[in-house]
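Trainee: I would like a close look at a single part of this model. Please take one helix and follow it outward to whatever surrounds it.

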Protein chains: 2
Amino acid sequence: MTSTLAIGNYNPTDRAALVDAFDAHVIAGPDEIAALDQGLREGITAVAYAGHHAFGGDQMDLLPQLKVVANYGVGYDAIDVSAANARGIKVTNTPNVLNDDVADLAIAMWLVQGREMRAAEERVRSGAWAKEGPAPLNRKLSGGTAGIMGMGRIGRDIADRLAAFKMDIHYHARSEKETPGWMYHADPVALAKAVDFMFVALVGGPETENYVSKEVIAALGTRGVVINISRGSVIDEEALLDALESGAIAGAGLDVFVGEPKVNPRFLTLENVALQPHQGSGTVQTRAAMAQLQRDNVAAQLAGTDLLTPVN
Amino acid sequence: MTSTLAIGNYNPTDRAALVDAFDAHVIAGPDEIAALDQGLREGITAVAYAGHHAFGGDQMDLLPQLKVVANYGVGYDAIDVSAANARGIKVTNTPNVLNDDVADLAIAMWLVQGREMRAAEERVRSGAWAKEGPAPLNRKLSGGTAGIMGMGRIGRDIADRLAAFKMDIHYHARSEKETPGWMYHADPVALAKAVDFMFVALVGGPETENYVSKEVIAALGTRGVVINISRGSVIDEEALLDALESGAIAGAGLDVFVGEPKVNPRFLTLENVALQPHQGSGTVQTRAAMAQLQRDNVAAQLAGTDLLTPVN
């Protein structure tokens with residue numbers, strides 16, 4: 001009887017690796033746990049978790065021997081860590097291996113939105129360039145002001161890239177960090193006032209819900225652009241949509257949305273936004289590294305050695 | 001009688017500035033010179049030039065007092081500098097003020113092509129993300145190998161940005177430069193063999209025509225991507241199209257084309273290319289700075305002071 005339950009929509013390679021390594025039993029989502037054979041449930045000590053469905057105390061109680069939930073992804077807001085703590089269950093995630101990809105996509109959305117590249121590409125492909133002339137001028141990006149909201153590891157990787165674009169860098173975090181002279185703002189509204197481009201790299205979960213509030217968005221001003229590669233929940237999405245539609249801010253680049261993969265249809269007709277389908281870490285190389293780190297955490301639990309990347 | 005002839009399709013602001021500053025006579029292209037009043041032609045000492053129509057010895061001979069051709073743009077391959085030299089005419093351009101914008105667009109096309117952002121955005125906007133699931137995984141970019149073909153000021157600005165993406169940087173130029181340990185290749189084929197991503201930042205003109213040859217393109221290999229922000233003429237475009245269509249290379253990001261604004265229709269159906277309408281320097285801020293530098297060169301000529309940015 002296996003001791004590992006894999007929960008999520010794994011690709012064939014990762015699924016096969018979980019089965020090969022741990023003889024894992026695989027189910028699509030946490031709501032399928034209750035239907036599992038009782039003997040199977042009571043033997044499970046490790047869960048390999050993927051996806052954004054909530055995994056809470058009720059599900060954990062169906063797995064009485066559970067010791068670790070190894071999450072696939074750096075963001076583990078789907079997992080109720082308080083419930084895990086109360087049950088002596090450790091949670092692990094897959095940090096760092098995805099930082100580069102996520103930072104790359106943040107920079108990419110900033111450039112695509114600011115240089116109006118989607119409309120410009122359509123101008124080439126439609127023949128309008130030859131028929132109607134050059135694309136409208138857009139906006140210089142390098143040398144401007146950028147703010148990082150949440151200066152964790154991904155925020156830092158974004159800031160390091162922005163520095164090479166000669167940006168004046170500001171940031172907000174719970175505490176001031178050691179930086180190459182970047183300006184710390186204790187107040188998120190003050191950060192938004194100080195910059196044109198705000199990159200949101202917060203941790204998800206209840207504590208940061210709507211942290212990028214209506215007031216923060218308003219403070220960005222008419223030249224302001226929001227780039228979000230963290231979680232849809234960290235922005236007041238209705239306030240963002242209002243500001244994008246009214247011109248109260250200039251634009252946005254969004255890889256994450258409230259209720260994704262469904263997207264508020266008000267976004268879909270906007271031309272001042274770059275929209276991506278939560279593909280920040282979506283490269284072959286990085287997804288393989290994330291899956292490996294997830295399996296390494298499961299293996300550590302089963303072998304009784306230290307977890308590699310615990311979060312609690 | 002004015003001493004300044006402005007040639008090109010200027011926007012209203014720049015056109016007005018040329019008229020205000022110099023009482024310039026404005027025509028759309030060099031083929032209109034011959035039809036000008038003889039007295040006007042013989043009084044012209046400065047030409048403010050914009051556009052890609054050839055401006056050669058025959059046109060210069062119609063302006064017997066011509067002392068300077070002040071080009072709008074860093075690339076002055078439309079102007080026959082040998083012919084200018086033979087007549088004692090100085091040529092100026094607008095370097096440096098556009099480096100940031102052009103480097104930004106080079107990085108942007110690299111990211112858009114590699115992370116398949118155009119198809120990914122269509123997946124969001126069409127609703128396919130919710131209906132069909134996540135976008136296909138694509139390719140990790142940071143931490144790879146990049147080659148700069150032509151290490152002038154723009155090439156350097158591209159390389160500095162790529163360094164922040166943790167790229168291993170190689171380059172080819174006529175001579176080795178002082179760099180932070182980047183690898184010099186005297187042979188362009190050797191550069192292409194050494195890297196996955198090749199950024200072309202050559203000077204245009206007859207000397208670099210098809211410099212990125214069939215052999216260079218083949219040496220990039222099946223993971224290779226070409227990014228070009230210089231001139232369409234520097235790449236053997238037929239060889240590039242063959243390689244893109246056959247999969248001999250992985251993709252391209254192109255802001256410039258042979259015969260632009262007409263684009264070879266073979267490009268338009270490719271999904272492995274990012275296409276932009278020669279908008280490298282196309283921001284409000286940079287185009288204004290280019291126009292100012294062009295006028296400053298004209299003003300220096302008229303005042304008898306040193307030209308700011310002569311090329312000959």
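Mentor: What follows starts at one helix and works outward.

The model is predicted. The helix is H8 of chain B, residues 153-164. How many residues does H8(B) have, and how far does H8(B) reach? It has twelve residues and reaches 17 Å from its first C-alpha to its last. At 1.5 Å a residue, 16 Å is expected, so to speak on paper, and the span is close to that.

Which residues of H8(B) are buried? They are Ile154(B), Gly155(B), Asp157(B), Ile158(B), Ala159(B), Arg161(B) and Leu162(B). These residues pack against several elements of chain B: helix H5 (99-114), strand E6 (145-149), strand E7 (168-172) and strand E9 (197-200). They also pack against H8 of chain A.

Now the end of the helix. H8(B) is followed by Lys166(B), whose phi is positive, near 60°. Lys166(B) is not a glycine. Its place is the loop between H8 and E7 of chain B. Is Lys166(B) buried or partly exposed? It counts as partly exposed, because 15 C-beta neighbours lie inside 10 Å.

Next, one of the packing partners, H5(B). This helix has 16 residues and reaches 23 Å from first C-alpha to last. The expected value at 1.5 Å a residue is 22 Å, and the helix is close to it. H5(B) is mostly covered: 16 of its 16 residues are buried. Just after H5(B) comes Glu116(B), with a positive phi of about 50°.

Strands E6, E7 and E9 of chain B belong to an open sheet. The sheet has seven strands, in the order E8-E7-E6-E9-E10-E11-E12, with parallel pairing. Why is one side of E8 and of E12 in chain B left without a neighbour in the sheet? Strand E8 (183-184) and strand E12 (273-275) stand at the edges, and each has a single partner strand, so one side of each stays free of a neighbour. Further along the order, strand E10 (residues 225-228) and strand E11 (residues 251-254) of chain B run parallel and are joined by four bridges. There, Val225(B) stands opposite Gly251(B) in E11(B).

After E11 of chain B, a loop leads to helix H12 (265-268), and Pro261(B) sits in that loop. The peptide bond from Glu260(B) to Pro261(B) is cis, with omega near 10°. In chain A, the bond from Glu260(A) to Pro261(A) is also cis, with omega near 10°. Pro261(A) is in the loop between strand E11 (251-254) and helix H12 (265-268) of chain A.

Now cross to chain A, and see how its H8 links to strands. E6(A), H8(A) and E7(A) make a right-handed β-α-β unit. Strand E6 (residues 145-149) and E7(A) pair in the parallel sense over five bridges. Met149(A) has His172(A) in E7(A) as its bridge partner. E7(A), residues 168-172, is mostly covered, with four of its five residues buried. Two bridges join E7(A) to strand E8 (residues 183-184) of chain A, and the two run parallel. Tyr171(A) stands opposite Tyr184(A) in E8(A).

How do the two chains relate? Chain A can be laid on chain B with an RMSD of 0.1 Å, by a turn of 180° and a shift of 0.0 Å along the axis. That is the relation of a two-fold axis.

The contact takes 48 residues from chain A and 48 residues from chain B. On the chain A side, the elements that give two or more residues are helix H5 (99-114), helix H6 (117-126), helix H7 (128-132), helix H8 (153-164), strand E12 (273-275) and helix H13 (284-303). H5(A) gives the most, with eight residues. The residues of that side divide into 24 nonpolar, nine polar and 15 charged. In addition, 100% of the interface residues of chain A are also interface residues in chain B, so the copies meet through the same surface.

One last stop lies between E12 and H13 of chain A, where the loop holds His278(A). This residue has a positive phi of about 45° although it is not a glycine. His278(A) is buried, with 22 other C-beta atoms within 10 Å.

Notes:
Residues are numbered from 1 along each chain as its sequence is written. Chains are lettered from A and ligands numbered from 1 in the order in which they are written. This is a predicted model: local features need pLDDT of at least 70, side-chain atom pairs count only at pLDDT 80 or more; totals for chains, interfaces and linings use all residues. Copies are superposed by least squares on the C-alpha atoms of residues with pLDDT of at least 70 in both. Two residues are in contact if their C-beta atoms, placed from the backbone, lie within 7 Å. Ala, Val, Leu, Ile, Met, Phe, Trp, Tyr, Cys and Pro count as nonpolar, Asp, Glu, Lys and Arg as charged, and the others, Gly among them, as polar. A residue is buried if 20 or more other C-beta atoms lie within 10 Å of its own, exposed if 12 or fewer, and partly exposed in between; C-beta atoms are placed from the backbone. Two strands pair if DSSP finds at least two bridges between them. A crossover is right-handed if, with the strands pointing away from the viewer, the path from the first strand over the helix to the second runs clockwise. The expected span of a helix is 1.5 Å times one less than its number of residues.
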